[in-house]
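Work through the exercises below with the sequence and the model side by side. Try each task before reading its solution.

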Amino acid sequence: MATKVFKNYINGVWEKASSGEVFSNTNPANFNEELGRFQLSRKEDVDRAVSAAKEAQKMWRKTPAPKRGEIIFKVAEMLVKNKKPLAEDMTREMGKVLKETLGDVQEGIDTAYYGAGEGRRMFGETVPSELPAKFAMSVRMPVGVVAAVTPWNFPLAIPSWKLVPALICGNTVVLKPASDTPLSALRLVELFEKAGLPPGVLNLVTGTGSQTGVPLIDDPRVDLVSFTGSTDTGADISVRCARQMKQYSLEMGGKNAIVVLADADLELASEAVLWGAFGTTGQRCTACSRVIVEKKILKNFTNILLEKTRAMRCGDGLKPKTDVGPLVNEGQREKVSNYCEIGQREGGKLLTGGTPETGKACKNGYFFKPTLFAEVSPKMRIAQEEIFGPVLSIIACNNLDHAIEIVNDSDFGLSSAVFTADVNKAFEAIEDLDTGITYINSSTIGAEIQLPFGGTKGTGNGHREMGTAALDTYTEWKTVYVDYSGKLQKAQIDD
Ligand code: UN1
């Protein structure tokens, strides 16, 4: 069967990149399976996509927000209808197990329903004026043209986090998805088209970071860049945007930790730790990569984790018995292997895993064994740097204060969790953990879309995605004063 060629979507038309070049998208669980070829877009394609978005801005910003919401609502309905095939394609495209790709689509559904409703809210403020016969309020205005640059680990959910709030707020968008997962993003764009989104309001250009992403970010007509991905790329984007006084919202790395105190329910805590560490094969920015365990229970808890980790099965994410799918590509697998070597050189004790999984069912994919390190100290590289793979480090602590110190000794600050039965300790942790998200008696993953998502320190640049917080990213405040006194009233001036 001939490989399907997928196109860019610019100004309402599906078209080839001007270079005529394409790139291949293969299944990380079976690299002999090609899912399709995608356009390798360059500056000329990006130019036209941004022109379309710029032109469509004039009309879209004037379209009433509830009408914009109706289109997004239809997207939600279609996502519900197509949930299973979308998830299956996503598992083939990036590897995570089907129940998680179903969850990824569900996150898109939740975002779309929530965002559609925002079309009838989008609250501003109405406040009293200090002067008589004067009305004072603030309303939200679109920022303009948004460049959405999205990663491969949540190939539909994260594009939806950006597209939905951007569009409901009246912005137009050029989406550049990760080159490992163009299909899931393209499927989402198709649904927006089917739902009746006018041409130019949402455009898709596929390609690489350097050939497609950079010209998009550098285009002076782009008003806002919303990026999720690596810290290095995020840092580069911030410099590029700063030069042009462009707005930018960055969602980057994590080095998330779960603290397990001696009074915790250890069975529950172990399930949560493994779900956080090995879910999505550890490729979440919210993944648990450090578990910080009170010394009294260290031995016991380590044994529980080890037994459960050894029982986890790697394999094709479409097979119901698979616990852990492949890594997304060979580069990621090398990176994870390197970190396992580094961990051992640094003195970490490798309890299980540490190498690629190459058994019969896994020989054609980028599989890696779920890996557990014990005797890790907080300053080791495997305890400090984001690995983005199925590698969990066990770190001992003396008590909660010590644990908080270890959690906070990180360049990142996305998600944290504490397992304890003591409500006082739980609230102390909530107050002192320097992360954007804290869970009590649950894992570091699984954020819901109706609350802000994002982190402190090197994880972000102060923005939050999702919830009403996303509106702050995708709108400019317009403050409005209406003076109906019929005379010139001067604020702040004594008369
Ligand atoms: C990410 O890893 O980039 O909270 C996003 C979670 C998911 C989102 C993860 N809802 O784990």
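A residue is called buried under 20% relative accessible area, exposed over 50%, and partly exposed in between. The model is predicted.

**Exercise 1. Classify Lys58 by its accessibility and find its salt-bridge partner.**

Step 1. Lys58 has 53% relative accessibility, so Lys58 counts as exposed.
Step 2. The partner is Glu55, with the closest N and O atoms 2.9 Å apart.
Step 3. Place the pair in the fold. Both residues belong to helix α1 (residues 43–60). Lys58 and Glu55 are three residues apart there, which means a separation of about one helical turn.

**Exercise 2. Describe the salt bridge between Glu70 and Lys67, and the exposure of each residue.**

Step 1. The N to O distance between the two side chains is 3.5 Å. The cut-off for a salt bridge is within 4 Å.
Step 2. Glu70 and Lys67 sit in helix α2 (residues 65–81). They are three residues apart, so about one helical turn separates them.
Step 3. Glu70 is partly exposed, at 38% relative accessibility. Lys67 is partly exposed too, at 45%.

**Exercise 3. Which elements does the salt bridge between Asp472 and Arg140 link, and is each residue buried or partly exposed?**

Step 1. Start with the contact. The closest N and O atoms of Asp472 and Arg140 are 3.0 Å apart.
Step 2. Asp472 lies in helix α15 (residues 469–474), and Arg140 lies in strand β6 (residues 134–142). The two are 332 residues apart, and the pair links distant parts of the chain.
Step 3. Asp472 has 45% relative accessibility and counts as partly exposed. Arg140 has 15%, so Arg140 counts as buried.

**Exercise 4. How many salt bridges does the whole structure hold, and which residues join Lys43 in a network?**

Step 1. A search of the whole structure gives 27 salt bridges.
Step 2. Lys43 is linked with Asp47, Asp219 and Arg221 in a network of salt bridges.

**Exercise 5. Set out the two domains and the area they bury between them.**

Step 1. Domain 1 covers 8–252 + 460–479, and domain 2 covers 256–440.
Step 2. Their C-alpha centres lie 31 Å apart. The contact draws 23 residues from domain 1 and 27 residues from domain 2.
Step 3. The two domains bury about 2,000 Å² between them. Carbon and sulfur atoms account for 62% of that area.
Step 4. On the domain 1 side, Phe31, Glu100 and Trp152 lose the most area to domain 2. Together they make up 25% of what that side buries.

**Exercise 6. Count the salt bridges and polar contacts between the domains, then break down the domain 1 side.**

Step 1. There is one salt bridge between domain 1 and domain 2.
Step 2. Seven residue pairs are in polar contact between the domains, with both residues at pLDDT 80 or more.
Step 3. Turn to secondary structure. β4 (30–39), α3 (83–94) and α4 (98–118) each supply at least two residues of the side of domain 1 that touches domain 2. α3 gives the most, with four residues.
Step 4. Sort that side by class. It has nine nonpolar, six polar and eight charged residues.

**Exercise 7. Give the N to O distance of the salt bridge between Glu100 and Arg284, and locate each residue by domain.**

Step 1. The side chains of Glu100 and Arg284 meet at 3.3 Å, N to O.
Step 2. Check the domain bounds. Glu100 falls within 8–252 of domain 1, and Arg284 falls within 256–440, domain 2.

Methods. Residues numbered from 1 in each chain as written. Predicted model: local features only at pLDDT ≥ 70, side-chain atom pairs only at ≥ 80, totals over all residues. Heavy atoms only, no water. Buried < 20%, exposed > 50% of the residue type's maximum accessible area, 1.4 Å probe, protein only. Domains from an automatic or database assignment. Contact = heavy atoms within 4.5 Å. Buried area = accessible area lost by both parts, 1.4 Å probe. Polar contact = N/O pair within 3.5 Å; in protein donor to acceptor, adjacent residues only side chain to side chain. Nonpolar A, V, L, I, M, F, W, Y, C, P; charged D, E, K, R; others polar.
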